[in-house]
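Here is a set of short questions and answers for a first look at a protein chain. Keep the structure open as you read.

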Amino acid sequence: HAERRYVDADLNRSFTRTVLARPCGGGECGVAEEVRAKEIATVLAAHHTDLCLDLHNTTSASSCLIVSRPADLFGLHCAVAMLGAARAAGYADLKIWSPALWVQPSGWSESTTPTAAGAGAAEASPFAHVGSVVPSDIGIELGPQPHGVLLAWTVALAEVLVHAALDFCEAFNSVNAGAQLPQVDGVELFSLAHAVKYPAFDFDADPATTAPPQRLRTLVHPRLQGRDFRELHPSDPAFVSLETGEAIAYGGAESCYPVFVNEGAYLENGTAFYACTRHAISLPPLRRASVVAPTN
């Protein structure tokens, strides 16, 4: 299964409560990726890890910083600082994305932080990833970059982002107890609305394999390919038929912002892209006494 990024189970979807609570012994540890997830979670807990930076490449043009939990105020402030450093270095296309359904109450403050279904609960999250086991996590997705290939700009940008995150942590730790970092207004954020599947995507069950074979009958339309985070209207072409060459409109109930368009890692379940919603939010001040940032 050359199109998959794992052997038996997706490591970065294996950090569920069920997997992490499974006792090891008597051959019940699970497959290799689940065993490794337990090992990683154990190390993070032993070091009292407060912030996880999870670096990835993406085959789609979806370079973004992922803050998985809307209530993670520290992670959001850190992501904004990282975004500023990236743009100062000439990388203007980076976005902030959340895989959770975003709800920002009116008058959001430290006592009324944003909430989401399953926020902070890996089992209820659509992505039981490595960062779900620590208080704050930021995924760094850089691309397009093919698997097995290193591009100079992704390496350079990853270095900028990691240094910016560490600088933010150091600055936060230098603030006196009780003091706060200022409110940040006009933050652009994209959140997951729903997955959009390839039309007429066949799943033919084959018990001899660990995953069903797939057959694409449509492809992502050229006008959508590479246009992640750009508005897609219901009447805009999103797919093209392999059999007839006919363009197929997105057809959603309303416009969306597609993310991870034609992402190689999501082909196995027929996902063509994630339809997302764009928000303009204000982050309330971040108090030094309310969060403990990592020191190294």
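Q: How many helices and how many strands are in the chain?
A: This is a predicted model. Both kinds of element occur in the chain. The count is four helices and 14 strands.

Q: What percentage of the residues in the chain is buried?
A: Buried here means under 20% relative accessible area. The chain has 296 residues. The buried part of them is 44%.

Q: What share of the accessible surface belongs to carbon and sulfur atoms?
A: The accessible surface of the chain comes to about 14300 Å². Carbon and sulfur atoms hold a share of 55%.

Q: What is the order of the strands in the open sheet of seven strands?
A: The pairing in this sheet is mixed. The sheet is open, and its edge strands, S1 (51–57) and S12 (257–259), each pair on one side only. From one strand to the next, the twist averages 35 degrees. Read across, the order is S1-S4-S2-S3-S6-S13-S12.

Q: In which sense do strands S3 and S6 pair?
A: S3 covers residues 95–98 and S6 covers residues 184–197. Two bridges join them. Ser 98 has Ser 191 in S6 as its bridge partner. The sense of the S3 and S6 pairing is parallel.

Q: How many bridges join S6 to S13?
A: S6 and S13 run antiparallel. Across this pair, His 194 stands opposite Ala 275 in S13. The number of bridges between S6 and S13 is 11.

Q: At about what angle to S4 does helix H3 run?
A: Helix H3 (residues 73–88) lies across several strands, including S1, S2 and S4. S4 is the strand of residues 136–142. The angle between H3 and S4 is about 35 degrees.

Q: At about what angle to S4 does helix H4 run?
A: H4 is made of residues 152–174. It lies across S1, S2 and S4. Its angle to S4 is about 160 degrees.

Q: How far apart are the end C-alpha atoms of H3?
A: H3 has 16 residues. At 1.5 Å a residue, it should therefore span 22 Å. The model agrees with this, as the end C-alpha atoms are 23 Å apart.

Q: Which residue just after H3 takes a positive phi?
A: H3 itself has several buried residues, among them Leu 73, Phe 74 and Met 82. Just after H3 comes a positive phi of about 100 degrees. The residue is Gly 90.

Q: Why are the buried residues of H2 on the same side of the helix?
A: The buried residues of H2 are Glu 33, Glu 34, Ala 37, Lys 38, Ala 41 and Leu 44. Exposed residues Ala 32, Thr 42 and Ala 46 sit on the face turned away from that buried side. The buried residues are on the same side because they cover an arc around the axis of only 145 degrees.

Q: Which helix do the buried residues of H2 pack against?
A: H2 runs over residues 32–46. Its 15 residues should span 21 Å, which agrees with end C-alpha atoms 21 Å apart. The partner is the helix of residues 17–21, H1.

How values were computed. Residues are numbered from 1 along each chain as its sequence is written. This is a predicted model: local features need pLDDT of at least 70, side-chain atom pairs count only at pLDDT 80 or more; totals for chains, interfaces and linings use all residues. Side-chain values use heavy atoms; hydrogens and water are left out. Two strands pair if DSSP finds at least two bridges between them. Axes are lines fitted to C-alpha atoms, for helices over the stretch in contact, and angles run from 0 to 180 degrees between N-to-C directions. Contact means heavy atoms within 4.5 Å. The expected span of a helix is 1.5 Å times one less than its number of residues. Buried means under 20% relative accessible area, exposed over 50%, partly exposed in between (1.4 Å probe, protein chains only). The arc is that of the directions from the helix axis to the C-beta atoms. Accessible areas come from the Shrake-Rupley method with a 1.4 Å probe; for residues, only the protein chains shown count as cover.
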